[in-house]
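Got your viewer ready? Load the model, colour it by secondary structure, and follow along one selection at a time.

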Amino acid sequence: MVSHNKRIVAALAAVAAMGIGLAGCGGSDTAGDTKSGSDGGVVNITYMHRLPDSEGMTLVNDIVAKWNKEHPNIQVKATKFDGNAADMIKKLETDVKAGNAPDLAQVGYAEVPEVFTKGLLQDVTDEAAKYKDDFASGPFALMQVDGKTYGLPQDTGPLTYFYNAAEFEKLGITVPKTADELIETAKKTAAQGKYIMTFQPDEAMMMMSGQAGASGPWYQV
């Protein structure tokens, strides 16, 4: 539950991709449209996301429509944010301060530490624990900070590292499997005037997600 003068967003996320956030339920006079269902009334939930809704995908509005039809007492209203992840976080920060943040918000796993330090997340440890067995342990753990859970995973996506086996053999190196091995192998290739990997300008975070999977989280309190 949250106070009547402030709504706090919590996060659900996906590996190197997307996530969602859980916010607390408040009374009918709290920010947003959420109303308590304790008196038998309808619970209205607002959800902000950045899913592309591209051709061939199951549209968010179609999923929401199906949910609303099957759950008349819990109605969801989805809002698509057209912008990059950083801009959405700025909007969430502004909305939280204004008291009209959504109940659910989609963020990336790598963005959870940022929104946590900004004070935008609500502790939903008890609620999330009920669904822990429905998720893989890795993604579920990425929704936790200092032992507390701030959301649920929405999806995961594969990260693939392509390499030139012949060139690796020439350099006398093998594929690194941990962060320490990556650093040492990078030093060996650098000494020979080579780079072990390269990214497009907006893809460096992929290394963080990949290494988190192999070596544990990059962040801790």
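Start by selecting strands β2 (residues 43-49) and β3 (residues 74-80), which pair in the parallel sense over seven bridges. Strands here are DSSP runs of E with at least two residues, helices are runs of H or I with at least four, and both are numbered from the N terminus. To count as paired, two strands need at least two bridges found by DSSP between them. For one spot along this pairing, click Thr46: opposite Thr46, in β3, stands Lys77.

A quick note before going on: this is a predicted model, where local features need pLDDT of at least 70, side-chain atom pairs count only at pLDDT 80 or more, and totals for chains, interfaces and linings use all residues. Residues are numbered from 1 along each chain as its sequence is written, and side-chain values use heavy atoms, with hydrogens and water left out.

Now add helix α1 (residues 60-70) to your selection. Together, β2, α1 and β3 make a right-handed β-α-β unit. Right-handed means that, with the strands pointing away from you, the path from the first strand over the helix to the second runs clockwise.

Next, show β4 (104-106). β2 pairs with β4 too, again in the parallel sense, this time over two bridges. Look for Tyr47, whose bridge partner in β4 is Leu104.

Why is β2 largely enclosed by the rest of the structure? Because five of its seven residues are buried, meaning under 20% relative accessible area (over 50% is exposed, in between is partly exposed; 1.4 Å probe, protein chains only).

Step back along the chain to the loop between α2 (85-98) and β4, and pick Ala101. Ala101 is buried, with a relative accessible area of 0%. Draw a distance from its C-alpha to that of Lys91, ten residues apart along the chain, and you should get 8.8 Å.

Time for the inside. Select Met88, Leu92, Val112 and Val115, the residues with the most contacts inside the largest nonpolar core, which has 17 residues. Such a core is a set of buried Ala, Val, Leu, Ile, Met, Phe, Trp, Tyr and Cys residues joined through side-chain atoms within 4.5 Å. Both α2 and α3 (112-117) supply at least two residues of this core, and α2 gives the most, with four. Apart from this core lies another, of six residues, among them Tyr47, Leu51, Val64 and Leu104.

Finally, zoom out: the chain has eight helices and six strands, and 34% of its 221 residues count as buried.
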